[in-house]
Amino acid sequence: MKASIGFSLLILLSLLLSSCGMNMYDQPKANLYAAAPYVKDKVVGTARPLPEGVVSRERGAVDPTFYTALTPEGLATDLPIPVTMEVLERGQERYNIYCSPCHNFNGNGLGMIVQKGMPQPASFHDPRLRASPVGYYYNAMTNGFGRMFSYASRIPPEDRWAIAAYIKALQLSQNASLSDVPESLRDSLEVQGASR
Ligand code: HEC
């Protein structure tokens, strides 16, 4: 019985509170695409055209390679952003979310969705893909590849570069030898079944 009184009070309270905030909703404001009577020229919408000569300060406007991965010599072989540990970690996180379901965490193309019937993509450790420039990966995400849809609407350019950088690191990680590791760090590695 006590519980049902409490419950009724809760309903009453939520009904009372639900009318809060309407004042802010109803305040005078310009809605997008509404007529703008205060504008004198022919364009009467609230969404105003940019004044003449305005230049976007977004990175891609001054650096097309950043958006397209294209250079006059073909697909970019270098990243247009500095490669830091932070970028690689962001790339790993985004790769695990967006790509691993099909390409697998290690990039061999046997992700869970493929195990459930999606066509199997080539392994990122295939010699052809190991030789592909970093721009190749950015381009596949941006424009899609065969049966793989484009990720342009879901992954912003910065993250596409971070993922592309991570894939190159993933390829190196699966094909590295001890001599690739700085000498000072070699002792911290356990080399199974091998003597140096
Ligand atoms: C839903 C499954 C799926 C997801 C998720 C996915 N891919 Fe793919 N990907 C594929 C398939 C399938 C192919 C092969 C398509 C074909 O050959 O028609 C492919 C092909 C590719 C290729 C070209 C490989 C080649 O053979 O040259 C690249 C590069 C690639 N994907 C990168 C990515 C990246 C990076 C992500 C994450 C942002 C991603 N893919 C997410 C399924 C997926």
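Read from the N terminus, the protein chain runs α-α-α-α-β-β-α-α-α-α-α-α-α. This is a predicted model. The secondary structure adds up to 11 helices and two strands.

**Overall picture**

The protein chain has 196 residues, and 26% of them count as buried. Its accessible surface is about 14300 Å². Carbon and sulfur atoms hold 60% of that surface. Among contacts with a separation of 6 or more, 43% join residues 24 or more positions apart.

**Helix α9**

Helix α9 covers residues 134–143. How many of its 10 residues are buried? The count is seven, so the helix is mostly covered. The buried residues are Val-134, Gly-135, Tyr-137, Tyr-138, Ala-140, Met-141 and Thr-142. They pack against α4 (64–68), β2 (74–75), α8 and α10. Just after α9 comes Gly-144, with a positive phi of about 80°.

Two residues of this helix deserve a closer look. Tyr-138 sits in α9, and Asn-139 lies in α9 as well.

Is Tyr-138 buried or exposed? Tyr-138 is buried, because its relative accessible area is 0%. Leaving out neighbours within four places in sequence, Tyr-138 contacts Phe-66, Tyr-67, Thr-68, Ala-69, Pro-157, Arg-160, Trp-161 and Ala-164. One of these partners, Tyr-67, is 71 residues away in sequence. In space, the C-alpha atoms of Tyr-138 and Tyr-67 are 9.1 Å apart.

Asn-139 is partly exposed, with a relative accessible area of 23%. Buried would require under 20%, so Asn-139 at 23% falls outside that class. Not counting residues up to four places away, Asn-139 touches Thr-68, Leu-75 and Gly-144. Its C-alpha atom is separated by 8.4 Å from that of Leu-70, which is 69 residues away along the chain.

**The largest nonpolar core**

In soluble globular proteins, nonpolar side chains tend to be buried together. In this model, the largest nonpolar core has 22 residues. Which members touch the most others? They are Tyr-95, Phe-124, Tyr-137, Met-141, Trp-161, Ile-163 and Ile-167. The elements that give two or more residues to this core are α5 (85–98), α9 and α10. The largest share comes from α10, with seven residues.

Trp-161 is one of those well-connected members. Setting aside neighbours within four places in sequence, its contacts are Thr-65, Phe-66, Ala-69, Ala-76, Leu-79, Pro-80, Ile-81, Val-134, Gly-135 and Tyr-138. Val-134, Gly-135 and Tyr-138 are among the buried residues of α9. Tyr-138 also has Phe-66 and Ala-69 among its contacts.

**The largest pocket**

Rolling a probe the size of a water molecule over the atoms shows where empty space is left. The largest pocket holds about 650 Å³ of space. Its lining consists of 26 residues. Nearest the centre are His-103, Pro-121, Ala-122, Phe-145 and Met-148. Elements giving two or more residues to the lining are α6 (100–103), α8 (127–130), α9 and α10 (157–174). Which element gives the most? It is α9, with four residues. The lining divides into 21 nonpolar residues, three polar and two charged.

Helix α9 thus has several roles in this description. The helix contributes to the pocket lining, and it also gives two or more residues to the largest nonpolar core.

**Positive phi outside glycine**

Ala-69 has a positive phi although it is not a glycine. The same description fits Asn-104. Ala-69 is in the loop between α4 and β1 (70–71), while Asn-104 is in the loop between α6 and α7 (112–115).

| Residue | Phi | Relative accessible area |
|---|---|---|
| Ala-69 | about 65° | 0% |
| Asn-104 | about 75° | 18% |

Ala-69 is buried, with a relative accessible area of 0%. Why does Asn-104 count as buried? Buried means under 20% relative accessible area, and Asn-104 is at 18%, so it counts as buried. Ala-69 ties back to the earlier sections: it is among the contacts of Tyr-138 and among those of Trp-161.

Technical notes:
Residues numbered from 1 in each chain as written. Predicted model: local features only at pLDDT ≥ 70, side-chain atom pairs only at ≥ 80, totals over all residues. Heavy atoms only, no water. Buried < 20%, exposed > 50% of the residue type's maximum accessible area, 1.4 Å probe, protein only. Contact = heavy atoms within 4.5 Å. Areas by Shrake-Rupley, 256 points an atom, 1.4 Å probe, with all protein chains shown as cover. 1 Å grid on protein atoms, 1.4 Å probe; cavity = no way out; pocket = protein on both sides within 12 Å on 5 of 7 lines; lining within 4 Å. Points joined across faces, edges and corners; volume = space filled by probe spheres on them. Nonpolar A, V, L, I, M, F, W, Y, C, P; charged D, E, K, R; others polar. Core = buried A, V, L, I, M, F, W, Y, C linked by side-chain atoms within 4.5 Å.
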